[in-house]
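User: I am new to this structure and would like a close look at one part of it. Please take the strand that contributes most to the wall of the biggest cavity, and follow its surroundings.

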Amino acid sequence: MKSDQNRSVSVYSFVFKTYFQYLYLSKFSKKILSKEKYNTKRTHFLKRKGIETKTLFFQLGGVYIKIGQFISNLFHILPEEFLWELQDLQDKIPPREFHDIDKRWLMDFKKPMDEIFESLEKTAYASASTAQVHIGYYQNKKVAIKTLYPGIEDTAKSDLKTISKVIWLIDSFVVKVSAKEVNDQLQSMINEELDLRIELKNLKILKQMFALEKDFYIPNPIEELCGRHTLVTEFVEGKKIYELDPEPLYTKRNPNLDKLIKAYILMIFDYRFFHADPHPGNLIFMDTGELCLIDFGAVQSISEEETQILERILVGAMRKDYHLISESLYELGAVTESLSKDELTQIVKYSLEKLNRILADTDHFRNLSFETLRPGDDLRFLKEIQVSLKRLLSSLKLPPNFLSLHRVLALLLGNFSFLDPKRSMIEYAEKPFSQIVLKGGSFKRLWKDEGEEFITSLFSLPKELNDFLYKWNRGEFSKKDDYKSEELKLKKIFTFGTLGSLFFFFGMYYAEKFWKEPSIIFYILSGLCFWSLAKSSLSYWKQK
């Protein structure tokens, strides 16, 4: 294993070397070579760099494997030729010798693994950044045996120091990345992964949460064989994302992606406790149609207040309510006061409008090109509103929990862009978000936000009603017929006003849930009621 200093030198030299090589390829070779030869050379360069990157991460090990797993799933941004070479980082990390793994079992159980399991495969089934998995049989059941590498605690501690320095340098001299929050989150995540008792606890929590959901499965643990360094669960048969076949010609939605997005909407908005590492090696699609989640070392909780703010941001995006999004971002603490509310609102509006254009104009969401993203337009926009890129970046401060959410989003985007590059993840998320998040809670929120105004307008709507009650109380109606006639007309006005307001309210409710048909019906009924209200009020006014 390399020393800290040698690791840092290896990373820096590789990054600078790759940067200048790519600069030469894209700026010089592209001009002198034919299009066909350039594309061939570019493909060869990307594949070679993918292999070199994979080799470097394997050599560095530890935390660097985690970084490599994250990068290897960014199909929506990075070239496929480069990323395919990194897929071995998901679950094909070179294993340690079985003898080393067996040492952990001797330390914890005072017995070698051969004496505990009826049958045991000494060749590793899967290798990860901090642990290794073997397959065996225990009490006639096939089980997955996860064991931490010996000495991984010291290696991880060393890696975290190196990564902390790199992040500090980036934050200080390149771009603000909330270095302290990123380091704290990374430190917490790695430390938790080095105690498999925490993973067992996370597994049991999620298993209980998903107990009533038929589309999802959490493996059963063998608790008597679980400890700080070991975790044994039933073995789940199935396919991982890159073993699945995308839908033919992408003519219909992929049911596996429907399950995946539903699982995360449930975890984030209902359970407020989510699996924070959805890379393809941790997602198993079973033959029964269920989605099985494994590896619960990286799990994150989110507070009810943070969930509500996130919900308001998403609802604001659906309504195109840019002020609501800006206010929510300030409330979340994601933006400092160095950026004014007006500036932030303009940036939010520009960002959402650009996102809508990309969604409308893009028919393939894997490996989006610079021509599609057009970062130059962003810089010109910031110049127009007199906000420098440096000031914008320095004003952003992502809360700790949302660092995990950002990672989850990036990994999910990669999974979606692989299995169905013809559809955006937003298209898959709209229906479950409206059903799971907005159902019930939406009505309560609408009532809280708009109910008071609704009630006030409801009872003040027919102004003539107050005049009638005032006159009647003072005995100003001299004839019974006048009283009855006026009473009937005012009842009519009050009825139309009440029904129109109720229909309009429910039209808003169903529109927010994206239930178009009932929303349109209620809006039509509301319009008819208000039209009748206007006619009745005009008739009453003319008579008076």
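Analyst: What follows starts at one strand, moves to its partners and then turns to the cavity.

The model is predicted: local features need pLDDT of at least 70, side-chain atom pairs count only at pLDDT 80 or more, and totals for chains, interfaces and linings use all residues. Residues are numbered from 1 along each chain as its sequence is written, and side-chain values use heavy atoms, with hydrogens and water left out.

The strand in question is β4, which supplies four residues to the lining of the largest cavity, the largest share. Strands here are DSSP runs of E with at least two residues, helices are runs of H or I with at least four, and both are numbered from the N terminus. β4 covers residues 141-148, and six of its eight residues are buried, so the rest of the structure largely encloses it. Buried means under 20% relative accessible area, exposed means over 50%, and partly exposed lies in between, using a 1.4 Å probe and protein chains only.

β4 has strand β3 (residues 131-138) as an antiparallel partner, joined to it by eight bridges. Two strands count as paired if DSSP finds at least two bridges between them. Strands of a sheet pair through backbone hydrogen bonds, either parallel or antiparallel. Within this pair, Q132 stands opposite T147 of β4.

The link between these two strands is a hairpin, with two residues between β3 and β4. Q139 in the turn has a positive phi of about 50°. N140 also lies in the loop between β3 and β4. Its phi is positive too, about 65°, although N140 is not a glycine. Most residues other than glycine have a negative phi. N140 counts as exposed because its relative accessibility is 71%.

β4 also pairs with strand β6 (residues 230-234), in the antiparallel sense and over five bridges. Two bridge partners can be named here. K146 is matched with L231 in β6, and T147 with T230 in β6. Four of the five residues of β6 are buried, so β6 too is largely enclosed by the rest of the structure.

Now the cavity. The structure holds one cavity of 30 Å³ or more. A cavity is a set of points, on a 1 Å grid over the protein atoms alone, where a 1.4 Å probe fits but cannot get out. Grid points are joined across faces, edges and corners, and the volume is the space filled by probe spheres set on the points. By that reckoning the largest cavity contains about 570 Å³ of space.

Its lining has 36 residues, and V133, K146, N282, I294 and D295 lie nearest the centre. A lining residue has an atom within 4 Å of a point. K146 is thus named twice: it is the bridge partner of L231 and is among the residues nearest the cavity centre.

Several elements share the lining. β3, β4 and β6 each give at least two residues, as do others including α3 (63-71), α5 (88-91), β2 (126-127) and α9 (196-209). By type, the lining residues divide into 17 nonpolar, 11 polar and eight charged. Ala, Val, Leu, Ile, Met, Phe, Trp, Tyr, Cys and Pro count as nonpolar; Asp, Glu, Lys and Arg count as charged; the others, Gly among them, count as polar.

Technical notes: 1 Å grid on protein atoms, 1.4 Å probe; cavity = no way out; pocket = protein on both sides within 12 Å on 5 of 7 lines; lining within 4 Å.
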